[in-house]
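Dear colleague,

I am passing on the structure we talked about, and below it you will find my notes on what came out of the analysis. Please read them with the model open beside you.

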Amino acid sequence: MTNYEIADHFSLLSKLMDIHGENSFKTKSYAIAAFNIEKLPKEISEMDDAELFSMKGIGDATGQKIKELQTTGKLPALENILAVTPAGILEMMEIKGIGPKKIAVIWKEMGIESVGELEYACNENRLVAYKGFGAKTQESILQSIQYIKKNQGFHLWAEVEKVANVLMQQLQQKFANNLFSFAGDFRRQLDVLECIDIVTDTDRTALIAYIQSITGSEITEEPLILSVKVPGSPIIKFHLADTANFYNRLFIITGSVEFVEDFIERYTLAATPESEEAIFTSNNLAYIPPAMRESDSILDKAASNILPLLIQPNDIKAIIHSHSTWSDGTNSIEQMAKAAIDMGLEYMVISDHSQSAFYANGLKPDRIAAQHQEIDALNEKLKPFKIFKSIEVDILNDGSLDYSNDVLKTLDIVIASVHSNLKMSEEKAMNRVLTAVRNPYTTILGHPTGRLLLSRAGYPLDHKVLIDTCAEHNVVIEINAHPRRLDIDWRWIAYAIEKGVLLSIDPDAHSTAGYHDTYYGVMVAQKGGLTAKQNLSSFTLAEFEQFLEGYKKKRSI
């Protein structure tokens, strides 16, 4: 069990105790324990008892509960409170905008025990009669419920990938003489998806027998599809094919409906192609990578042989946008730098939170100066690797940045991001973000919409106007690579490239483990046609330093 999983148990216990109105001191102690567990510098599974109990914020009592959780997989106090909590209350905890105290009122005073009942109550305007539930709160709850319902059954590509790759390995070992390939949304690297599509020429009876050997599996049979439910996995759809038509079936199942329909209208599918590549070459088309098979317009580029050379994971030369223990990260700057060096990277940008982010231990100006001294010393120690000075600066309500110009000018890079008051109209959001983009100190616009995939839609933006303004003011747009963000959305990458806007795949890493998220950023950037030349974090150290010099001249800083 990872530290995050252990922390989730303690956090859930704290929230449920709050809902049940239990002792506030105990409730807070479990919340603090969850926070401290998340911040531990190494995995608990790698510690012995003495090391664990000596960790800051982990005493004997908490340590014993952690050990029991690791051993049994259960936290008795949590099990007890779950036993007396309706399942619908747990579902309500996923709704944005209502915390434990409001859920307690909904349950105990309104008598509502499910999300469905809560939605009905909102539509009937019943919440406004209770203290703390105004019309705006009621509307916000209703919108959150509708968002959750819309995304039910969907999964993050990053989470599905791990399950899918293990499954594929098992299938190829079991049926070594048969063909298997991912297809559909998963193969196209869509950021969220409903199922894992697999095309195979395996005998139907043999495949069913294998699936039935998996504990808890359920099969729904169609003439050419086996839909399989397996515990802990999205639905798996096996698309059955003969060996002769395997690649035609793979091609059709992989592409979006728009892409496939346009292809069939304009081109021909050979009866028995020997590969997917042969389907393209027989039609005088350049091979289109699966990630780009979304719209019909990509066929025109393939016909003209002007497809981009897509960025690859090994094109990333640096970590841009990372946090350390100076704010809310779990590793020191030196640890973050050494991990980047071990990955063969050339430089990193340390960008801890700014002063308004008090919840994340944001840096006031005196701490920025102290951090810069540490960075200077580390740059001497770790040559030729280089650490650049940055802050992820909050964009305040009026669009101004969180520091004076005297502070901002001491930074190599300013990543400007919105972190607070996310519920905005498009007009408010645009005024706020565009004001920050026009600030001469803004280098990168961080996670532009503030979205969290499958959890929060993000504030509304006119993307064309935003991208045009970034082009006008030479501001880089971040592709935040955290699997729950992947923001800016890949659908706007092509327009940004067309307008000459540089993008930057950044992990927003709060630990060395977070560096891996650049991989997910690359996967989704491929969908937008991004190349290494158009990605700031693919610049070599020399190119990056040259970019900074040119940037400062352009912005007259």
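Contact, in what follows, means that heavy atoms lie within 4.5 Å of each other. Please also keep in mind throughout that this is a predicted model.

To begin with the chain as a whole, its secondary structure comes to 24 helices and 14 strands. A compact globule of 557 residues would have a radius of gyration near 24 Å, and because the protein chain has 26 Å, the two values agree. Along the principal axes, the C-alpha atoms fill a box of roughly 70 × 65 × 55 Å. Of the 557 residues, 51% are buried, while the area that the chain exposes is about 25,600 Å², with carbon and sulfur atoms supplying 50% of it. Among the contacts with a sequence separation of 6 or more, 68% are between residues that stand 24 or more positions apart.

The part I looked at in some detail is an open sheet of five strands, whose order is β2-β4-β7-β6-β5 and whose pairing is mixed. At its edges are β2 (180-183) and β5 (218-221), each of which pairs on one side only. On average, and with direction ignored, neighbouring strands of this sheet are turned by 25° against each other. Within the sheet, strands β6 (residues 225-229) and β7 (residues 235-240) run antiparallel and are joined by four bridges; if you would like a pair to look up, Ser 227 has Lys 237 in β7 as its bridge partner.

Two helices can be described in relation to this sheet. Helix α10 (residues 157-174) packs on it and touches β2, β4 (195-200) and β7, with a direction that makes about 160° with that of β2. Helix α13 (residues 246-254), for its part, lies across β2, β4, β6 and β7, and runs at about 20° to β2.

Finally, a word on a single residue, Pro 365, which is found in helix α18 (residues 365-381). Is Pro 365 buried or exposed? With a relative accessible area of 37%, Pro 365 is neither, because buried would require a value under 20% and exposed a value over 50%, and it is therefore described as partly exposed. Leaving aside residues up to four places away in sequence, Pro 365 touches Gln 355, Tyr 403 and Val 407. As for Gln 355, it is 10 residues from Pro 365 in sequence and, from C-alpha to C-alpha, 8.0 Å from it in space.

With best regards

Notes. Residues numbered from 1 in each chain as written. Predicted model: local features only at pLDDT ≥ 70, side-chain atom pairs only at ≥ 80, totals over all residues. Heavy atoms only, no water. Pairing = 2+ DSSP bridges. Axes fitted to C-alpha atoms, helices over the stretch in contact; angles between N-to-C directions. Buried < 20%, exposed > 50% of the residue type's maximum accessible area, 1.4 Å probe, protein only. Rg over C-alpha atoms; globule rule 2.2 N^0.38 Å. Areas by Shrake-Rupley, 256 points an atom, 1.4 Å probe, with all protein chains shown as cover.
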